[in-house]
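Colleague: I have this chain open on my screen and would like to talk it through with you. Could you walk me around it?

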Amino acid sequence: MQPKRLLDLVLGSLLLALVAPLLAAAACSAVLRRRPGGAFARETRTGLHGRPLTVRSLRTRRCRLDLLSRLPHVVRGEMSLVGPAALAPGDPRAAAAWRQGVKPGLTGLAQVRRHSAMPWDEPELLDQHYVEHHWMGLDLAILVHTLPALRAPRTQDDLSDADHRLRNYSAAE
């Protein structure tokens, strides 16, 4: 078993066991509120070797439970804890050759660097840099930097998972 898969399996299983009661409570709350579509959202994303992957996420953004609800995909080996963003099959970036040999991740370099003021801090470049230079130490560093984001509830001032640019950023500037 490869070290990255071992990390995903061990840490993903441990995290899933720790947050399972919280996820169950949040799912029950969503069911009781009778949200349209149920407690879980299903989205098709591009997985390893460009294969379609149906990702299930809890329909909530509070305390990043939607991210943690994807842990079963990590334990099953469909996703990784750390990797490039999971893109929709129609997204032209999903066909990039450098993406084909890696599993999409729950978090990645682009997510932890989103508040950086570096001019080259575009998500696609950061994902490509991660794929070309990843190693266990980088994965661990990204996971450590992801932890504070999981604890803080999302505010309206936060950026979406798809847009990692600074607030008030304009490409025209």
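**A walk along the chain**

Modeller: Gladly! Starting at the N terminus, the elements run α-β-β-α-α-β-β-α-α-α. Helices (H or I, at least four residues) and strands (E, at least two) are DSSP runs, numbered from the N terminus. This is a predicted model, in which local features need pLDDT of at least 70 and side-chain atom pairs count only at pLDDT 80 or more, while totals for chains, interfaces and linings use all residues. Residues are numbered from 1 along each chain as its sequence is written, and side-chain values use heavy atoms, with hydrogens and water left out.

Colleague: What should the 30 residues of H1 span?

Modeller: Helix H1 covers residues 3-32. The expected span is 1.5 Å times one less than the number of residues. The end C-alpha atoms of H1 are 41 Å apart, which agrees with the expected 44 Å.

Colleague: Where in H1 does the kink lie?

Modeller: The bend at a residue is the angle between axes fitted to the seven residues ending there and the seven starting there. In H1 the kink is about 50 degrees, and shortly after it comes the proline Pro21; the kink lies at Val19.

Colleague: Is Leu6 buried, partly exposed or exposed?

Modeller: Leu6 sits in H1 and joins Met1 and Val10 in a nonpolar surface patch of about 330 Å². Patches take residues with over 30% relative accessible area and no salt bridge (a side-chain nitrogen of Lys or Arg within 4 Å of a carboxyl oxygen of Asp or Glu); like charges are joined within 9 Å, nonpolar side chains (Val, Leu, Ile, Met, Phe, Trp, Tyr) within 5 Å. Areas come from the Shrake-Rupley method with a 1.4 Å probe, and for residues only the protein chains shown count as cover. Buried means under 20% relative accessible area, exposed over 50%, and partly exposed in between, so Leu6, at 42%, counts as partly exposed.

Colleague: Why does Asp66 count as buried?

Modeller: Asp66 is in helix H2 (residues 65-68). Not counting residues up to four places away in sequence, Asp66 touches Ser57, Leu58, Thr60 and Arg61, where contact means heavy atoms within 4.5 Å. Asp66 is buried because its relative accessible area is 6%.

Colleague: How many Å separate the C-alpha atoms of Ser69 and Leu23?

Modeller: Ser69 lies in the loop between H2 and helix H3 (71-76), and counts as buried at 8% relative accessibility. Beyond four places in sequence, Ser69 touches Leu23, Phe40, Arg56, Ser57 and Leu58. Ser69 and Leu23 are 46 residues apart along the chain, yet their C-alpha atoms are separated by 6.7 Å.

Key: Buried < 20%, exposed > 50% of the residue type's maximum accessible area, 1.4 Å probe, protein only.
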